[in-house]
Amino acid sequence: MANINILVGSVTGKALSAGSAIQEVFNGQGHHAQLFANAAIEQVTDEAVDVLLIVTSSTGQGDLPASLVPLYAQLQSEFPLIPNKKFAVVALGDSSYSTFCQAGATMEELMFELQGQALCERFNIDACEHFNPLDAARGWALDCVKRL
Ligand SMILES: Cc1cc2nc3c(=O)[nH]c(=O)nc-3n(C[C@H](O)[C@H](O)[C@H](O)COP(=O)(O)O)c2cc1C
């Protein structure tokens, strides 16, 4: 059983719903997944946590949702290395923006800089293809959970 923290960045709630769907899948497979809508650095550095799943939309021009900005700033300034943690990023966005899924890419880059180990490739969910991102999120989670 893996301890998983799901760190969500959401503006209008789609990434939050996707995060909940992912949480259900991981818990349904016998893992212990907790979801945080306003995560702080402790949720990243907690030694009991094996896996970090970041589920975030993009806002503005490829910006992080406000709920992830404090975490991002804390991680940038304290820079805790996490070589023993696996991570994965699910990015919600809209391909009509030139900054498609940029917030997810930004979080992924930071996880790599902190020496996290990628569990699965970043998964982009395009609002132009999926009005409801939940099915896509569940499908991804069912694949990703097999890697644990
Ligand atoms: C004001 C605004 C700005 C957005 N900017 C981007 C963007 O830069 N890149 C992108 O891929 N999607 C962008 N989107 C699309 C959202 O990321 C997408 O609709 C997502 O599913 C919303 O998820 P949320 O409800 O969790 O915030 C933007 C949407 C809005 C309303």
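## Disulfide

C120 and C144 are joined by a disulfide, with an S to S distance of 2.2 Å. This distance satisfies the criterion of cysteine sulfur atoms within 2.5 Å, and the count under that rule comes to one disulfide. The structure is a predicted model.

The torsion about the S-S bond of C120 and C144 is about 90 degrees, and the disulfide is therefore right-handed. C120 is located in the loop between β5 (117–118) and β6 (123–126), whereas C144 belongs to helix α5 (residues 134–144); the pair therefore ties together parts that are 24 residues apart in sequence.

## Ligand site

The ligand occupies the largest pocket. Two elements, α1 (14–28) and β4 (86–93), give two or more residues each to the shell around the ligand.

There are 19 residues around the ligand, and those that come nearest are S10, T12, A15, G62 and T99. Divided by class, this shell comprises six nonpolar, eleven polar and two charged residues.

## Polar contacts and coverage

Oxygen atoms of the ligand lie at short listed distances from D94, T99 and C101. For T99, which is also among the residues that come nearest to the ligand, an N or O atom of the side chain is 2.6 Å from a ligand oxygen atom. The backbone supplies the partner atom in two further cases: a polar backbone atom of C101 is 2.8 Å from an oxygen atom of the ligand, and a backbone N or O atom of D94 is 3.0 Å from a ligand oxygen atom.

On its own, the ligand has 650 Å² of accessible area, of which the protein covers 78%.

Terms used: Residues numbered from 1 in each chain as written. Predicted model: local features only at pLDDT ≥ 70, side-chain atom pairs only at ≥ 80, totals over all residues. Heavy atoms only, no water. Near = heavy atom within 4 Å. Polar contact = N/O pair within 3.5 Å; in protein donor to acceptor, adjacent residues only side chain to side chain. Areas by Shrake-Rupley, 256 points an atom, 1.4 Å probe, with all protein chains shown as cover. 1 Å grid on protein atoms, 1.4 Å probe; cavity = no way out; pocket = protein on both sides within 12 Å on 5 of 7 lines; lining within 4 Å. Sits in = over half its atoms within 2 Å of the grid points. Helix = DSSP H or I, 4+ residues; strand = E, 2+ residues; numbered from the N terminus. Nonpolar A, V, L, I, M, F, W, Y, C, P; charged D, E, K, R; others polar.
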